[in-house]
Amino acid sequence: MMYPVRLRDNNGINRKQAKRRGASKKKQTQKKSIKWSRLLGSFLKLSLVACFIGLGVWCWPKLTDYFNQPVKRVQVEGQFAALQKASVQQLVEPYLSSRFFNIDLIGLQTDLEKIPWIETVALRRVWPDQIQVKIVEHIAVARWNDDELLSNKGNRFKPEKLTGLKSLPKLTGPVGTEQQVMAQYHKIAQLIRPLGMSIKQLNVSSRGALVFVTDHFRVLVGRDDVVKKIQRFVKVYKAQLVGKKELIKSVDVRYSSGVAVMWKTSELKS
C-alpha cells in the first residue's frame, strides 16, 4: 500500500520567513517613528505652555501697574454751607497712597460719615486714577435740646460747635420723637405765620404736652387737638390781641373753648 508523501520546499519557507521578518522590521520602524513624533509633539506643546507662562509672569507686573495705578486725585462734590471742605480733604489724604483697586472705599466712607455735618456720602472709582466722592450735607433748621441740631428731614446730629446757630428755633422732646416734634413745629409755624409770628422755642414733654414760645409770649397747647387749638388761638388773637403782644406773658389754649391770657401785670380770661 502506498501513501502520498508531501515534500517540503526549504526555499519557499525561507522566503516566507524573510518576508515576515521584513514586515516586522517595517512595523517596528513605523512604531519608533510614531513614538518620536508623539514625543516631539508633546515637547512642543510643553514648550509652548512654558512660553505662555513665562510671558505671563513677565507681563503680569506691567499689566498690574497699568490697570491698578496709584490714586492721584479724589474729587469731592457737593454744596457745603457749614461743612469745612478742609476737614474732608484731611480725612481723604491718607487714602491717596493706595492704588486704584486697593483703596479701602468702605473705610473712607466710614471715616467721612463720622463728620457730623455729612448726611450721606457716596464713593465711586473712576479709572484709571480717580476717586469720586459725592457728599450731601445736613441742612439744619432747628436746635434739638441743648447741644444737637435737627435737619430739614428731621434727622438729629451733633456738630462740635453750634457757633452761629443760636438764631435757629430750639425744639425739645423725648429721645426718638424728633420727627414728630419737627412735624408739629412746621404745622404750627404755618398756622401762625399770617400773624407775623415765628416760633422761637417748642417743647413736647414726656407726656406729649406741647408748649411753644413766639417772639413775645408763650402758648400752652396741651396734648390733643393741636391744630384746632391753634386755629382758635389765631382767631382770638386777630379779634382781641393784635397790638397787645408786648403786654402778653402767655396764652393758654388747653381749654375746650376760649383761651386764657396771662398779662405781664395781671391775668385775664377771654
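Reader: Strands here are DSSP runs (E, at least two), numbered from the N terminus. With that settled, what is the place of His138?

Author: In this predicted model, His138 belongs to the loop that runs between strand 3 (130-137) and strand 4 (140-144).

Reader: Buried or exposed, that His138?

Author: His138 is buried, since its relative accessible area comes to 7%, and the cut-off for that word is under 20%.

Reader: And which residues does His138 touch, not counting those up to four places away in sequence?

Author: With that exclusion, His138 is in contact with Pro116, Trp117, Ile118 and Glu119, and also with Ser151, Asn155 and Phe157.

Reader: Let me zoom out. How is the chain divided into domains?

Author: Domain 1 covers 73-137 and domain 2 covers 140-263, and the C-alpha centres of the two are separated by 38 Å.

Reader: I care about pockets. How much space lies in the largest pocket?

Author: The largest pocket holds about 380 Å³. It is lined by 13 residues, and those closest to its centre are Ala82, Gln84, Trp117, Pro159 and Glu160.

Reader: What does the lining look like by class?

Author: Eight of the lining residues are nonpolar, three are polar and two are charged.

Reader: Where does the largest pocket lie with respect to domain 1 and domain 2?

Author: It lies between them, because domain 1 (73-137) and domain 2 (140-263) both contribute residues to its lining.

Reader: Switching to backbone checks before I set anything up: which residues does a cis peptide bond join?

Author: The cis bond joins Trp127 and Pro128, with omega at about 20 degrees, and Pro128 is part of the loop between strand 2 (118-126) and strand 3. As background, most residues other than glycine have a negative phi, and most peptide bonds are trans.

Reader: Then what is phi for Asn145?

Author: Asn145 has a positive phi, near 55 degrees, although it is a residue other than glycine. It sits in the loop between strand 4 and strand 5 (148-151), where its 24% relative accessibility makes it partly exposed.

Reader: And what about phi at Asp225?

Author: Asp225, which is not a glycine either, has a positive phi of about 50 degrees. Its loop lies between strand 10 and helix 5, and at 52% relative accessibility Asp225 is exposed.

Reader: Since you mention helix 5, which of its residues are buried?

Author: Helix 5 spans residues 226-241, and its buried residues are Val226, Lys229, Ile230, Arg232, Phe233, Val234, Val236, Tyr237 and Leu241.

Reader: What covers the buried residues of helix 5?

Author: The cover includes helix 4 (178-192), together with strand 9 (210-213), strand 10 (218-222), strand 11 (248-252) and strand 12 (260-263). Just after helix 5 comes Gly243, whose phi is positive at about 90 degrees.

Reader: Last topic, how many disulfides does the structure hold?

Author: It holds zero disulfides.

Reader: Why is there no bond from Cys51 to the closest cysteine sulfur?

Author: The closest cysteine sulfur belongs to Cys59 and is 12 Å from that of Cys51, which is too far for a bond, because a disulfide requires the two sulfur atoms to be within 2.5 Å. As for accessibility, Cys51 is exposed at a relative accessible area of 52%, while Cys59 is partly exposed at 22%.

How values were computed:
Residues are numbered from 1 along each chain as its sequence is written. This is a predicted model: local features need pLDDT of at least 70, side-chain atom pairs count only at pLDDT 80 or more; totals for chains, interfaces and linings use all residues. Side-chain values use heavy atoms; hydrogens and water are left out. Buried means under 20% relative accessible area, exposed over 50%, partly exposed in between (1.4 Å probe, protein chains only). Helices (H or I, at least four residues) and strands (E, at least two) are DSSP runs, numbered from the N terminus. Contact means heavy atoms within 4.5 Å. Domain bounds come from an automatic or database domain assignment. On a 1 Å grid over the protein atoms alone, a cavity is a set of points where a 1.4 Å probe fits but cannot get out, and a pocket is an open set with protein on both sides within 12 Å along at least five of seven lines; lining residues have an atom within 4 Å of a point. Grid points are joined across faces, edges and corners, and a volume is the space filled by probe spheres set on the points. Ala, Val, Leu, Ile, Met, Phe, Trp, Tyr, Cys and Pro count as nonpolar, Asp, Glu, Lys and Arg as charged, and the others, Gly among them, as polar.
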